[in-house]
Every structure is written in C-alpha cells, then in structure tokens.
Protein chains: 2
Amino acid sequence: MDHMPAAEEAPRAPGRPRSLRVDEAIISATLDLLAEGTSVEVLSIEAIATRAGVGKATIYRRWPGKEALLHDALATLKHPGDEVAGESVRADLITLLSQVGPANHDPRFAKIMPCIVPHLMRSEEHYQAYQDIIEPRRNRVREVLRRGVENGELRADLDIELVLAMLIGPILVQRVLRWHPDLDADKMPEQVIDVLMAGIAPQ
Amino acid sequence: MDHMPAAEEAPRAPGRPRSLRVDEAIISATLDLLAEGTSVEVLSIEAIATRAGVGKATIYRRWPGKEALLHDALATLKHPGDEVAGESVRADLITLLSQVGPANHDPRFAKIMPCIVPHLMRSEEHYQAYQDIIEPRRNRVREVLRRGVENGELRADLDIELVLAMLIGPILVQRVLRWHPDLDADKMPEQVIDVLMAGIAPQ
C-alpha cells in the first residue's frame, strides 16, 4: 500500500508543532471513522492511517496499538469540565450539568458513544479505562455536592453517588440517546436541579 | 447458497403453531447477530436466514425487509410493562422502574440497544418507530404520576414529562451503560424514588 502521508509532508506551518498536528489528525481520523459507523472490531490502524494521510508506522510510533489510540480519541470527546464559580450549589451544578455529554457539542460524540459502550463492557480493562476518562468529571459534581452538605444547602444525609446519577442520568439519556422527543437537553440542567432540590412530594 | 431450512422442516411439534416457531427463530437470529456485534448496516436477510435455518423467501413472506424485521425484533426486547397494584404511587413506581431496561433481563439487550441508537437517530422514521416501541411503557409511568397529582401524593404542579426522565434516566444509564461501577441498578428504583420524593434540599 502506498500511503501518501499528507499531514506529515505538508510544509511546516508556523505556530503549532508538527507532531501535535499529526496527533490531532490521527485522533480525528479515528473519531471520523467511528462516527461514520465503523465498528471498533473493524476499525484498523491501516484505515486510520489512510484517513489521516499518514503512514501506519507514524501511528505505531505514537500509540502501541488500536486500544491505546481509541482510549485517547475517546478522551478528547469528554469535556474536561469548566471551573465552577463557587457561588451557590444550585448555580455550580447547573454549570457542571450543562457540560454533560459532548465536549464543545462535538456531533461525533452522540454517534460514537452509545455504540462504543458494548465494546467497553466486554472487558474489565476497557471498562476501567473508560471510567478513568469520566471520573474527573464526576469528581467535580461530587465536590459541589459535598460542599452543599457541609454548608447546609443540601441535606446532611445525602447519598452523593446516587444523587450524582440522578443529576447526570436524565440529561445523559436525553443528550446522547434523544430519549424523549419533547424534552430539551439544554434546559434540563436547571429543570432537573430545581425538581430534585424541592422533591416531588407535597411539602 | 443452499440453506437447509431447519426450523421449517422440523417435524411439527404439538402445541405452538409452526409459523410462530419460525417467526421466533427469525427474530432470535436477528437479535443474536446484533448482540454478537453485527452492525445494522452489515446485517443482511441472508445472514439472518442462515442463522435461523430458514430460506430468505421465508423471511420475505413475513417481513417486507430488514427494517421491518429489525423493528419487530427490538420490540421483543422491551418489557411490555406489568400491571401495577394501584396501591401507593411509591409502590407502583417501584414496580414500573424495576422493569426499565431489558425484558426478562435478556442479556442481548445491553449489547444491542446502545449500538442501535445511532442507527435509529439517522432518520426520523426510525426514531419514530423506536418511540412507538417505548411510548406504551412511558405511558404506564405517566398514569401513575397523574394519579399521584390527583390524589395528593405528589405535588400539584408536577412536570410529568421531566419527572418521567428523572425517574427512568438514572436507572437506564446504570442498567444499559453500567455508568457507575458502584451503583446497583436493582436497588435504584426504590432509592431514586425516595430521594426524588423528599428532595435534596433541607426541609
């Protein structure tokens, strides 16, 4: 096969280092292929190399194999989480929940993530690698919840892990799965928090 | 290709009509192939026929094509929803939420559903067909919530559609995506309802 390594042979642009541009091209090619429906099983270093316009050896110099590249590619789809203002628990939770789902609303996220899940489930190693990607985002929400328990904005006996799932779950199914045709994922962070704060039983 | 139509040529067993057994064999073959990682794009009537041990014509006599067969196959994975006892809103919601996810805990559900979603999203027609499958289950929860509003067990100003997502979303992400390693999807129905009833703000 005669791969023309376009990204590597392009004249060096000022600004970003060439190696970083090559990394980005490889990761973007991986995400493109997955978003277009290539399954993880079918996805090959060769197809990624062709799509990125680099040689296979260029990829193998950077990643030991498909799994490692896949892990780094998926990590770029996850929003790292903005700093929160630290004002009220309600305002900080709205900030964090507005980031549930794709980083920068990358449209490839919704196409890739559901389909990658069965693959991640197939081994504890993959599952753990994915947990490592999302855990820092969960921690931001946990910190705000713990602060709320400490300063009295939230109940003292709060089950942090359960409430975490109750905050993120409804928004995740709506943003990633478009679960309900009439709900608006952009409005849900505020709506979910207000209902959860007050509860649904009459006071 | 020489397909030996095993399911059709088997001697007629007493009890279930033969045509029903053939239907079930075809649907089960479809689900098996999807659960094993065949994408919807790659899935073919020929592969389904081979797996089910029937001829392609047998399938085409029952379904006009792959999409119609896929729809019926997915519908079998969804629990139709048990009758609720109609005692308390809390008890009825626990009953209904315990059914979120796979019918009879069919292990193929968790493998198939996430991966099928991007396919369902690709056209309004597919999305609507899937909505038609899950809407009757949502309606059961809506009915219990409306009863709660009417009899005073729930707040009068309840946003039914939002609360629906807040009840189902956390359990769905846990059961289908195994979102959080430490949460137990079987215990979540009761846990989610109790937290949501009382709210997380101090009273």
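Asn139(B) is placed in helix α8 of chain B, where helices (H or I, at least four residues) and strands (E, at least two) are DSSP runs numbered from the N terminus. With a relative accessible area of 31%, Asn139(B) is partly exposed; buried means under 20% relative accessible area, exposed over 50%, and partly exposed in between (1.4 Å probe, protein chains only). The C-alpha atoms of Asn139(B) and Leu164(B) are separated by 9.6 Å, although the two residues are 25 residues apart along the chain.

This is a predicted model, in which local features need pLDDT of at least 70 and side-chain atom pairs count only at pLDDT 80 or more, while totals for chains, interfaces and linings use all residues. Residues are numbered from 1 along each chain as its sequence is written, chains are lettered from A and ligands numbered from 1 in the order in which they are written, and side-chain values use heavy atoms, with hydrogens and water left out.

## Chain A overall

Chain A has ten helices and zero strands, giving the pattern α-α-α-α-α-α-α-α-α-α along the sequence. Of its 203 residues, 50% are buried. Contact means heavy atoms within 4.5 Å; among the contacts in chain A with a separation of 6 or more, 64% are accounted for by residues 24 or more positions apart.

## Residues paired across the sequence

Ala25(A) belongs to helix α2 of chain A and counts as partly exposed at 23% relative accessibility. Ser44(A) sits in the loop between α2 (18-35) and α3 (45-52) of chain A, and is partly exposed, with a relative accessible area of 27%. In chain B, Glu41(B) lies in the loop between α2 and α3 (45-52); at 43% relative accessibility, Glu41(B) also counts as partly exposed. The table gives the partners of these residues.

| Residue | Partner | Separation in sequence | C-alpha to C-alpha distance |
|---|---|---|---|
| Ala25(A) | Val54(A) | 29 residues | 8.7 Å |
| Ser44(A) | Lys56(A) | twelve residues | 9.9 Å |
| Glu41(B) | Lys66(B) | 25 residues | 9.9 Å |

## Helix packing within and between chains

Two packed helices are described by the angle between their axes and the distance between the axes. Axes are lines fitted to C-alpha atoms, for helices over the stretch in contact, and angles run from 0 to 180 degrees between N-to-C directions.

Within chain B, the axes of helix α2 (residues 18-35) and α5(B) come within 9 Å and cross at roughly 85 degrees. This makes α2(B) roughly perpendicular to α5(B); angles under 35 degrees count as roughly parallel, over 145 as roughly antiparallel, 65 to 115 as roughly perpendicular and the rest as oblique. From α2(B), the contact involves Ile26(B), Ile27(B), Thr30(B), Leu31(B) and Leu34(B), and from α5(B) it involves Leu69(B), Leu70(B), Asp72(B), Ala73(B), Thr76(B) and Leu77(B). By class, the contact of α2(B) with α5(B) has eight nonpolar, two polar and one charged residues. Ala, Val, Leu, Ile, Met, Phe, Trp, Tyr, Cys and Pro count as nonpolar, Asp, Glu, Lys and Arg as charged, and the others, Gly among them, as polar.

Between the chains, helix α10 (residues 188-198) of chain A and helix α9 (residues 160-177) of chain B have axes that come within 11 Å and cross at roughly 85 degrees. Helix α10(A) is therefore roughly perpendicular to α9(B). Met188(A), Gln191(A), Val192(A), Val195(A) and Leu196(A) of α10(A) meet Leu162(B), Val163(B), Ala165(B) and Met166(B) of α9(B). The residues of this contact divide into eight nonpolar, one polar and no charged.

Helix α9 of chain B also contains Gln174(B), which counts as buried at 6% relative accessibility. Leaving aside residues up to four places away in sequence, Gln174(B) touches Trp179(B), His180(B), Leu183(B), Ala185(B) and Met188(B).

## The second largest pocket

Rolling a probe the size of a water molecule over the atoms shows where empty space is left. On a 1 Å grid over the protein atoms alone, with a 1.4 Å probe, a pocket is an open set of points with protein on both sides within 12 Å along at least five of seven lines, and lining residues have an atom within 4 Å of a point. The second largest pocket has a volume of about 160 Å³, a volume being the space filled by probe spheres set on the points. Its lining consists of Glu67(B), Ala68(B), Leu70(B), His71(B), Leu74(B), His119(B), Leu120(B), Glu125(B), His126(B), Ala129(B), Tyr130(B) and Ile133(B). Two or more lining residues come from each of α5 (66-77), α7 (107-121) and α8 (124-151) of chain B. The lining has seven nonpolar, three polar and two charged residues.
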